[in-house]
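Got the viewer open and a selection box ready? Let's take a walk through this one, stop by stop.

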Amino acid sequence: MQNRVTRRSFVAAAGTSAFAVLAQRKGFSAATEEKSIEVRLNREIGTIQPTLHGHFSEHLGSCIYGGIWVGRNSPVPNISGFRKAAVDYLKELGLVVLRWPGGCFADDYHWRDGIGPVEKRPKTVNIHWGNYTEDNSFGTHEFIQFCRLIEAEPYLAGNVGSGTPEELRDWVEYCNYPSGSTLADERARNGSPEPFRVRYWGVGNENWGCGGNMTPEEYAGHFRRFASFIRPFGDTRPFLIACGPSRNDLEWTRRFMENMHRRTMLHGYAMHFYSNAKAESTKFTPEIARAQLATFAAMEKAIQDQRALLDKWDPERRIGLLIDEWGVWDRISRDDEQRYGRLWQQITMRSATAAALGLNVFHRQADKLVMCNIAQTVNVLHSLLLTEHDRCVRTSTYYAFELMKPHRGRKSVVVENPDTDPLALSVSASVRDKTLVLSMVNPRVDTTISAKVSLAGGQADGGEARMLHHADMNAYNWFDKPNVIVPRPAKVEARGATVRAELPPLAILTAMIRLA
Ligand code: AHR
């Protein structure tokens, strides 16, 4: 049951930073705390690049096959083989950027297997994700077409582990060379006379692990060699992304950078940061939820530490830091995997809270990041959509992204939060055109937070808010109940120098505040 904070408890708590009103009165299931934070409207951090709200899809489980791609002759409503509901929902959300084909799969993917007439494409084995036979019916053209349909920018992850520099340079030419070369003409014969203009190129994935078990020195050598043969074609300048560390592995970064004596082709450096948990997604206890949600404080520290280390070689920040895989990775149930595919997990209110914590971190660290891609879009790990046969549901995480969407392209401003607890109220704020976008996430499973936000450098003149919340952290949207967790209008007081809102346990609130 949810807690309600009376005006009296609100006022009584004012002026204290962590005042606990033990509201275990009738009808109250959680304590209430008032938290005071300050938003400095005039202290800009940087622009929140829309690519911080990016995504990732791999040939894994039912993400591509059965999720995004159902095939042209499928009884499932589709647009040229792409699940229509997925196209509609993802386009509506605006995916910004989509990374493909892996993940681990990328370092054993040979792009030529996925072009040309479908019936002639070879059958290969997906050695990373269950040794199933991959018919390659979803290849480069299908991926680009999907990106065009949902209006996302494509990000191709190249094969360093089992591939060659020649193979990757040819893929770039095939995609981007306008016309006249054998590869460009082959692309045209395969249905795309126009170049794909792919800008983002990953040079390997997790090369410290599934991408070849390399040392940082070995990988740096591979990166330099592969990157040397990737060139701008037509009007497309490739943005080359190197494999960075798992979590905050500073040793990987230091040794990689020490071996990058030529860095002209290094544009991006991608860390992976998963938030694991010791429970299946619908069986979380408060303790397990706390442990997982606290990892987002560690992710924020990792961003700061990794950027500071990169700055030693790159003080002008020409190399952009990415997190190109992140999200919750709960204990995976074998039954669920058998039914829905590898790495399938349910997406609950707690999962959405985790997604929103991540996005708030990225907004606050907007000066240090150029792209972040949650893993993965459909039916795998921290999904936006879940599908089964012809059914498709938007998860709570989809709605967490929707609530955060107004931040895209705005200037992130400084939030002063005196509470340094890893489960402190999480706040991000951005401004443009006399509007402040304020997102607050309550990561506490048992405490309602009365948030008092003081504005420095401006005055509020009213506003509206929407909130995502469910009293049960293990609740989720399902095919027959798609609206269990959807954003609903919420109360926000925004007058003068103060904004107030109340967030029950595991709630995400975005307020659009008019600035006087
Ligand atoms: O997202 C699932 C897997 O996690 C990816 O294939 C790999 O890069 C990471 O370890």
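A polar contact here is a pair of N or O atoms within 3.5 Å. Keep that cut-off in mind for the first stop, and remember that you are looking at a predicted model.

**Stop 1: the ligand**

Select the ligand and then asparagine 205: a polar atom of the Asn205 side chain sits 3.1 Å from a ligand oxygen. Add glutamate 325, where a polar side-chain atom is 2.8 Å from an oxygen of the ligand. Glutamine 376 belongs in the selection too, with a polar side-chain atom 3.0 Å from a ligand oxygen. On its own the ligand has 280 Å² of accessible area, and the protein covers 94% of that.

Which elements give two or more residues to the shell around the ligand? Colour strand 12 (268–280) and strand 13 (320–331), and you have them. The shell has 14 residues, and those that come nearest are Glu58, Cys104, Glu206, Tyr274 and Glu325. Colour the shell by class and you should get seven nonpolar, four polar and three charged residues.

**Stop 2: two cis peptides**

Stay with glutamine 376 for a moment. The peptide bond leading into Gln376 from alanine 375 is cis, with omega near -10°. Gln376 is in the loop between strand 14 (369–375) and strand 15 (385–388).

Now jump to tryptophan 100 and proline 101, which are also joined by a cis peptide bond, with omega about 5°. Pro101 is in the loop that runs between strand 6 (97–100) and strand 7 (124–126).

**Stop 3: two positive phi angles**

Next, pick histidine 389, in the loop between strand 15 and strand 16 (391–394). His389 is not a glycine, yet its phi is positive, about 50°. With 64% relative accessibility, this histidine counts as exposed.

Then select asparagine 136, another non-glycine residue with a positive phi, near 60°. Look for Asn136 in the loop between strand 8 (132–134) and helix 3 (140–150). Is Asn136 buried or exposed? At 1% relative accessibility, it counts as buried.

**Stop 4: the largest nonpolar core**

In soluble globular proteins, nonpolar side chains tend to be buried together. Here the largest nonpolar core has 113 residues, and Phe223, Phe256, Ile323, Trp326, Phe362 and Ile508 touch the most other members. Helix 11 (residues 349–364) gives the largest share of this core, nine residues. Try colouring by domain as well: the core takes at least three residues from each of domain 1 (7–47 + 413–515) and domain 2 (50–408).

**Stop 5: helix 12**

Select residues 396–404 for helix 12. Eight of its nine residues are buried, so this helix is largely enclosed by the rest of the structure. Among the buried ones are Tyr398, Tyr399, Phe401 and Met404.

**Stop 6: three single residues**

Glutamate 300 is in helix 9 (residues 295–313). Show its side chain together with that of arginine 364, and you'll find a polar contact of 2.8 Å between them. Glu300 counts as buried, because its relative accessibility is 14% and the cut-off is under 20%.

Serine 228 is in helix 6 (residues 216–228). Its side chain reaches the backbone oxygen of arginine 224 at 2.6 Å. At 35% relative accessible area, Ser228 is partly exposed.

Finish at alanine 511 in strand 25 (residues 507–515), which is buried at 0% relative accessible area. Draw a line from its C-alpha to that of glutamate 464: the two are 47 residues apart along the chain, and the separation is 5.6 Å.

Notes:
Residues numbered from 1 in each chain as written. Predicted model: local features only at pLDDT ≥ 70, side-chain atom pairs only at ≥ 80, totals over all residues. Heavy atoms only, no water. Near = heavy atom within 4 Å. Polar contact = N/O pair within 3.5 Å; in protein donor to acceptor, adjacent residues only side chain to side chain. Areas by Shrake-Rupley, 256 points an atom, 1.4 Å probe, with all protein chains shown as cover. Helix = DSSP H or I, 4+ residues; strand = E, 2+ residues; numbered from the N terminus. Nonpolar A, V, L, I, M, F, W, Y, C, P; charged D, E, K, R; others polar. Core = buried A, V, L, I, M, F, W, Y, C linked by side-chain atoms within 4.5 Å. Buried < 20%, exposed > 50% of the residue type's maximum accessible area, 1.4 Å probe, protein only. Domains from an automatic or database assignment.
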